[in-house]
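Got your viewer open and a selection tool ready? Let's walk through this fold one stop at a time.

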Amino acid sequence: MNRPGPAPRTPAMTSGALDTYAAALDAAVDPGSADDWFTRTQDGARHPLGADLRRWCAPADRVDRELLQHCPGAVLDVGCGPGRLVAELARQGRHGAGVDSSAAAVDIARAAGGPVLHRSLFDPVPGEGRWDSVVLADGNIGIGGDPVALLARCGELIAPDGRVVVELSPPGTGRRIARVRLERDGLHGDWFDWALVGTDAAHETAAAADLVVAELWRDGDRWFASLVRLEAAAGDLDLAS
Ligand SMILES: C[S@@+](CC[C@H](N)C(=O)[O-])C[C@H]1O[C@@H](n2cnc3c(N)ncnc32)[C@H](O)[C@@H]1O
């Protein structure tokens, strides 16, 4: 089976968007100020960001640890942010690394003890085609606003029998592309492209990236799927027949 050509590159967050994200991460160390932060979508709607900021900057919780149980072998955390999953992998003595385009997030993640690359996942990454698991947690399926291109890129990073473990939005969300920005009273960053993918759109989105949903599960109020390469899934079918 032919693999698709190299995944198309999607636009990176501008420095204006990254600076605002850095300010929001700064606020997360002060539980009160995290609640001053919101995401704004271009339709004008504003969504609170405080709880997410606090979770991203806290140690891994039970659901995170369970998620990592679904990620065997060497794990690459794409868009690792402040790095709680990478730190948890290190704590467990597992092989893992993060990659993130935000210098502020990378500084925090490195201080937390995990190996983290400061770059876009669309740039060359060590171990391409050899990672056992690539994880897209916390809505990171939205990175770049093109989930198919993102998953295709993650498909390039995993080993032939590897998997992409992705956090999804609840059923009924579908696949939505949006321009968003981070803001606080009197301050906002640049717009950037983002996306939401619900469990109901998981199969079609994976298929467009030559991946197959091998498992879909819910843990509390969070939803996840494990995606494998089409060839790996076809191999399993051959074995089963
Ligand atoms: C939802 S937030 C991070 C949540 C993160 N999983 C955590 O535990 O904090 C999305 C992250 O993706 C990163 N990001 C956005 N575009 C990226 C890209 N092209 N390559 C790598 N990281 C990217 C952002 O800098 C940000 O840290």
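Start with strand β4, which is mostly covered: five of its five residues are buried. Keep in mind as you go that this is a predicted model.

**Stop 1: β4 from both sides.** Show the side chains of the strand. Gly96, Gly98 and Asp100 point one way, while Ala97 and Val99 point the other way, and all are buried. That fits a general habit: in a regular strand, side chains alternate between the two faces of the sheet.

**Stop 2: the partners of β4.** Add β3, residues 75-78, which runs parallel to β4 and is joined to it by four bridges. To find the register, select leucine 76, which stands opposite alanine 97 of β4. Now bring in β5, also parallel to β4, with three bridges between them. Here glycine 98 has valine 116 in β5 as its bridge partner.

Follow the chain between these strands, too. β3, helix α5 (residues 84-91) and β4 form a right-handed β-α-β unit. Carry on along the chain and β4, α6 and β5 make a right-handed β-α-β unit as well.

**Stop 3: the whole sheet.** Zoom out and colour by strand. You should be looking at an open sheet of seven strands in the order β5-β4-β3-β6-β7-β12-β11, with mixed pairing. β5 (116-118) and β11 (211-219) are at the edges; each has a single partner strand, so one side of each is left without a neighbour in the sheet. Sight across the strands and you'll see a twist: neighbours are turned by 20° against each other on average, direction ignored.

For an antiparallel pair, select β7 (residues 158-168) and β12 (residues 222-229), joined by six bridges. Click arginine 163, and look for its bridge partner, valine 228, in β12.

**Stop 4: helices on the sheet.** Select α6, residues 103-111. This helix packs on the sheet, touching β4 (96-100) and β5, and its direction makes about 160° with that of β5. Then add α1, residues 15-28: the axes of α1 and α6 come within 8 Å and cross at roughly 35°. Which residues make the contact? From α1 they are Tyr21, Ala22 and Leu25, and from α6 they are Ala104, Ala105 and Ile108. By class, that contact has six nonpolar, no polar and no charged residues.

**Stop 5: the ligand.** Select the 23 residues around the ligand; Trp56, Gly79, Gly81, Ser102 and Ser120 come nearest. Colour this shell by class and you get twelve nonpolar, eight polar and three charged residues.

**Stop 6: out in the loops.** Go to glutamate 128, in the loop between β5 and β6 (131-136). Is glutamate 128 buried or exposed? Glutamate 128 is exposed, because there are just 12 other C-beta atoms within 10 Å. Leaving aside residues up to four places away in sequence, glutamate 128 touches Glu156 and Leu157. Try a distance, too: from glutamate 128 to cysteine 154 is 9.2 Å, C-alpha to C-alpha, although they are 26 residues apart in sequence.

Finish with two backbone oddities. Most residues other than glycine have a negative phi. Aspartate 138, in the loop between β6 and α7 (147-157), has a positive one near 60°. With 19 other C-beta atoms within 10 Å, aspartate 138 is partly exposed. Then jump to aspartate 210, in the loop between α8 (202-208) and β11, where phi is again positive, near 65°. Aspartate 210 is partly exposed, with 18 other C-beta atoms within 10 Å.

Methods: Residues are numbered from 1 along each chain as its sequence is written. This is a predicted model: local features need pLDDT of at least 70, side-chain atom pairs count only at pLDDT 80 or more; totals for chains, interfaces and linings use all residues. A residue is near a molecule or strand if its C-beta atom, placed from the backbone, lies within 6 Å of it. Ala, Val, Leu, Ile, Met, Phe, Trp, Tyr, Cys and Pro count as nonpolar, Asp, Glu, Lys and Arg as charged, and the others, Gly among them, as polar. Two strands pair if DSSP finds at least two bridges between them. Helices (H or I, at least four residues) and strands (E, at least two) are DSSP runs, numbered from the N terminus. Axes are lines fitted to C-alpha atoms, for helices over the stretch in contact, and angles run from 0 to 180 degrees between N-to-C directions. Two residues are in contact if their C-beta atoms, placed from the backbone, lie within 7 Å. A residue is buried if 20 or more other C-beta atoms lie within 10 Å of its own, exposed if 12 or fewer, and partly exposed in between; C-beta atoms are placed from the backbone. A crossover is right-handed if, with the strands pointing away from the viewer, the path from the first strand over the helix to the second runs clockwise.
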